[in-house]
Structures are given as C-alpha cells and as structure tokens.
Amino acid sequence: MAQRSRIVLECAESHSIMEVSRRLRVARDTVRTWRRRSIERGLDGLCDDPRPCVPRKIADADIERVIVKTLEETPKNATHWSTRSMAAATGVSQATISRIWQAFALAPHRSQTFKRSTDPLLIDRVRDVVGLHLSTRRRRPWCSAWTRSRRSRPWRSQPVLPMMPGVPERRSHDYVRAGTTTLFAALEVATGKVIGSLHRRHRAACRFI
C-alpha cells in the first residue's frame, strides 16, 4: 500500500511514467496499473481486488457441532479427543477438525494441574526445599523421594476444571487416598544399596529419615 501510494503521489505531481519508474525503482507497467486504477476508482483502487476461491463446504452448524462435542463430550475408550476420533465421530475431515480447533484455541490433548494450598507453613517449607537444592552447589549430600502408585487414582481432591477456548483442561495433581500400603525406599547411588521401610497404613506418622 505504501508503494502504491508513492506511485500515485508521484504521478499527481505531473511526473512521467518513465520518471516515476526510475525514481521508485519499479516497473513501468506497475506505474501504469496503479495510476489508471487511482484515476478510475480513487483511493479504493489501491486495494487488491477480491480473488476467486473455493467456497466453504462446511456449514456453521457443523462447526458448532464439533466445538460442542469437543467441550462437552469424551470419546469411548479414551481420555480425550484426537483429530482422528473427532473426524470419525462427526464425519468431518481430520484437516478440518485441526483448523477448527486451531481457530478456537482448543487443545483436548493438553491437561494441566493445579493446587490451592491451605498450608500456613507453605512459604517456610518451600524455602527449605529450595535451600536444599541450592546446597548441592557446596557438595552437600541430599536425597530426593517421591510417591509412585501401581495404578492411577481417579479420585481427585478437587473437581476437574473443564476445557475452554484458549484454556486446557485442568485437574488437581493430588488425589484422595482410599487405603494404601506405603513403601519408602532410598537408593545409595555409590554402593547400589536399597534402604526400604514398609508401612501397612498410610498416615502422617509414617516417616522415613
């Protein structure tokens, strides 16, 4: 648009087509085209003409059906929709499903975790953990431990926040325990020795130091 405007302004100052072409370093046919269009249509002539394209085959109702199905339903024998499963369920092509999800910022394959802590000592404990990690720079030994269950627990401590346009599904990272056997284990990397402690009940009194 800036180049076309310069061509029209140069022509308006009674410069010849050859001179405008030389000064702006464009082809003479380009100068003729935009000079003629500006004379015929004015400023509207500087815009591109509508280009022919293939008419859209999918209707607004089909797009709405895909969006509603993505947000409110889950597929059988799967945790979330994929482009293939959604295409099979709606009769729309996989490429179209991808374009719809991209246009409305939908990502069924993504899931985030969240947790709202009510621990009054949260800040102090975070400082302890961060300080422990920083102490490794001074060659102090430390041990990292985590829990691992044989199967995932579906009973989350808080309700799942559903997916919305631009926001993936969010679920709490922890779950409600319904009776477990606790096994604490540590590995001495230098010797390969495994230190373990088994507890029949899972409660706060179970500590492994």
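This is a short selection-by-selection tour of a predicted model.

**Whole chain**

Start with the whole protein chain in cartoon view. Its secondary structure comes to seven helices and four strands. Trace the elements from the N terminus: the order is α-α-α-α-α-α-β-α-β-β-β. Now colour by accessibility. The chain has 209 residues, and buried residues make up 22% of them. Switch to a surface. About 17,000 Å² is exposed, with carbon and sulfur atoms supplying 53% of it. For a contact map, keep pairs with a separation of 6 or more; residues 24 or more positions apart account for 41% of those contacts.

**The largest core**

Which residues form the largest nonpolar core? Select Ile58, Ile63, Val66, Ile67, Trp81 and Met86, then add Ala87, Val92, Ile97, Ile100, Trp101 and Leu106; these 12 residues make up the core. Helix 4 (60-72), helix 5 (83-90) and helix 6 (94-103) each supply at least two residues of it. In soluble globular proteins, nonpolar side chains tend to be buried together.

Centre on isoleucine 97. Skip its neighbours within four places in sequence. What is isoleucine 97 in contact with? The partners are Val66, Thr83, Met86, Ala87, Thr90 and Val92.

Apart from the largest core lies another core, of seven residues. Select some of its members, among them Ile7, Cys11, Val26 and Leu46.

**Two cysteines**

Stay on cysteine 11. Is cysteine 11 buried or exposed? Its relative accessible area is 14%, so cysteine 11 counts as buried, the cut-off being under 20%. Next, pick cysteine 47. Cysteine 47 is partly exposed, at 36% relative accessibility. A disulfide is a covalent bond between the sulfur atoms of two cysteines. A search of the whole structure finds zero disulfides.

**Salt bridges**

Show charged side chains as sticks. How many salt bridges does a search of the whole structure find? The count is nine.

Zoom to aspartate 49. Its side chain meets that of arginine 37 in a salt bridge, at 3.2 Å from N to O. This pair links distant parts of the chain, 12 residues apart: aspartate 49 is in the loop between helix 3 (28-41) and helix 4, while arginine 37 is in helix 3. Compare their exposure. Aspartate 49 is partly exposed at 37% relative accessible area, whereas arginine 37 is buried at 10%.

Now add arginine 41. The side chains of arginine 41 and aspartate 49 also meet in a salt bridge, 2.8 Å from N to O. Arginine 41 counts as partly exposed, with 42% relative accessibility. Keep the three selected together: Arg37, Arg41 and Asp49 are linked in a network of salt bridges.

Move along to glutamate 73 and lysine 69. Their side chains meet in a salt bridge of 2.8 Å, N to O. Glutamate 73 is partly exposed, with a relative accessible area of 40%. Lysine 69 is buried, with 19%; that value falls under the 20% cut-off.

**A nonpolar patch**

Finish on the surface. Select Leu122, Val126, Val130 and Leu134. Together they make a nonpolar surface patch of about 310 Å². Where is leucine 122? Leucine 122 sits in helix 7 (residues 122-135). Leucine 122 is partly exposed, with a relative accessible area of 37%. Patch residues must have over 30% relative accessible area, so leucine 122, at 37%, meets that cut-off.

How values were computed: Residues are numbered from 1 along each chain as its sequence is written. This is a predicted model: local features need pLDDT of at least 70, side-chain atom pairs count only at pLDDT 80 or more; totals for chains, interfaces and linings use all residues. Side-chain values use heavy atoms; hydrogens and water are left out. Patches are made of residues with over 30% relative accessible area and no salt bridge: like charges are joined within 9 Å, nonpolar side chains (Val, Leu, Ile, Met, Phe, Trp, Tyr) within 5 Å. Accessible areas come from the Shrake-Rupley method with a 1.4 Å probe; for residues, only the protein chains shown count as cover. A salt bridge is a side-chain nitrogen of Lys or Arg within 4 Å of a carboxyl oxygen of Asp or Glu. Buried means under 20% relative accessible area, exposed over 50%, partly exposed in between (1.4 Å probe, protein chains only). A nonpolar core is a set of buried Ala, Val, Leu, Ile, Met, Phe, Trp, Tyr and Cys residues joined through side-chain atoms within 4.5 Å. Contact means heavy atoms within 4.5 Å. A disulfide is a pair of cysteine sulfur atoms within 2.5 Å.
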